[in-house]
Amino acid sequence: MRRKLAAGNWKMNGTSADLAQIEAIAQAHTGALSEIVMAPPTTLLHRASEFTKTGPVTLGAQDCDKHENGAHTGDISAEMLIDAGASYVILGHSERRADHAEHDEDVSAKAQIALKAGMRVIICLGEELEEREAENTLDVIAGQLARSIPADISGDRLVIAYEPIWAIGTGKVPSIEQIAEVHDFIRARLEERFGSRIARSVRLLYGGSVKPNNAAAIFAVDNVDGALVGGASLIADDFSPIINALDAS
Ligand code: PGA
């Protein structure tokens, strides 16, 4: 059985005052059935770890460098993230692909280094609106999947987030059929490449404008094992109902 996962990505939002939101989530969901990951900015990880040493919340980072250590000014290694309290890392988010020209091969290299350090990885994939309109979505996903996921993986440490770029931060959400089609496709591709035992243990998250009012319908889709949530994860009162919907699914 795959454990459901609700992951909150704060992106470049949050200072010390916002740690109270993580504390509130940790307190409100002590009995959660789902796993809860909060990914605040790196600057808050260490302090957030005060609220997550025990309890339902695990911490995630939003990126890591593809090198183990060394002369890479300003970059942060997987080992440093673990030291700061993170056990997950989000990789290949479309904003990093766009803002930092990260390619699938970089994502794969980062995943290898993070897995080697002992982290779990959440690898993001997703099509642009033009690609969806040209009916190229599955080809785009197949390419990203083939190149971004390293050959040597353990299924329970890999999470894949399907995040259509046009749904991120826009309030637009694909139809239930579109979500189902892509999630089924990803599961089938994983099975072809890694075999069914590994493929069945990889959790597939949907991401892009998940809100309290649409979460239950999305979580009812086969092969959706949870969500990667941006805007609605910043405030505990918004994220909590999403976690409850996942618990109930
Ligand atoms: P959103 O972001 O929930 O604000 O659309 C999702 C994401 O980018 O992970």
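**Asp104, helix H7 and the ligand site**

Let me begin with one pair of residues: the side chain of Asp104 makes a polar contact with the side chain of Arg147, at 2.8 Å. Please keep in mind throughout that this is a predicted model. Asp104 lies in helix H5, and with a relative accessible area of 7% it counts as buried, because the cut-off for that word is under 20%. Leaving aside residues up to four places away in sequence, Asp104 touches Arg97, Gly143, Gln144, Arg147 and Ser148.

That brings me to helix H7, which runs over residues 137-148. At 1.5 Å a residue, its twelve residues should span 16 Å, and the C-alpha atoms at its ends are indeed 16 Å apart, so the expected and modelled lengths agree. Which residues of H7 are buried? They are Thr137, Val140, Ile141, Ala142, Gly143, Gln144, Leu145 and Ser148. The buried residues of H7 pack against several elements, among them helix H4 (94-99), helix H5 (104-117), strand E5 (120-125) and helix H8 (176-194).

Now to the ligand, which is surrounded by 13 residues, the closest being Lys11, His93, Glu163, Gly169 and Ser209. By class, this shell has four nonpolar, seven polar and two charged residues. Oxygen atoms of the ligand lie 2.7 Å from a side-chain N or O atom of His93, 2.6 Å from a side-chain N or O atom of Glu163, and 2.7 Å from a polar backbone atom of Gly169. Of the 280 Å² of accessible area that the ligand has on its own, the protein covers 97%.

How values were computed:
Residues are numbered from 1 along each chain as its sequence is written. This is a predicted model: local features need pLDDT of at least 70, side-chain atom pairs count only at pLDDT 80 or more; totals for chains, interfaces and linings use all residues. Side-chain values use heavy atoms; hydrogens and water are left out. A residue is near a molecule or strand if one of its heavy atoms lies within 4 Å of it. A polar contact is a pair of N or O atoms within 3.5 Å; within protein, one must be able to donate a hydrogen and the other to accept it, and residues adjacent in sequence count only if both atoms are side-chain atoms. Accessible areas come from the Shrake-Rupley method with a 1.4 Å probe; for residues, only the protein chains shown count as cover. Ala, Val, Leu, Ile, Met, Phe, Trp, Tyr, Cys and Pro count as nonpolar, Asp, Glu, Lys and Arg as charged, and the others, Gly among them, as polar. Helices (H or I, at least four residues) and strands (E, at least two) are DSSP runs, numbered from the N terminus. The expected span of a helix is 1.5 Å times one less than its number of residues. Buried means under 20% relative accessible area, exposed over 50%, partly exposed in between (1.4 Å probe, protein chains only). Contact means heavy atoms within 4.5 Å.
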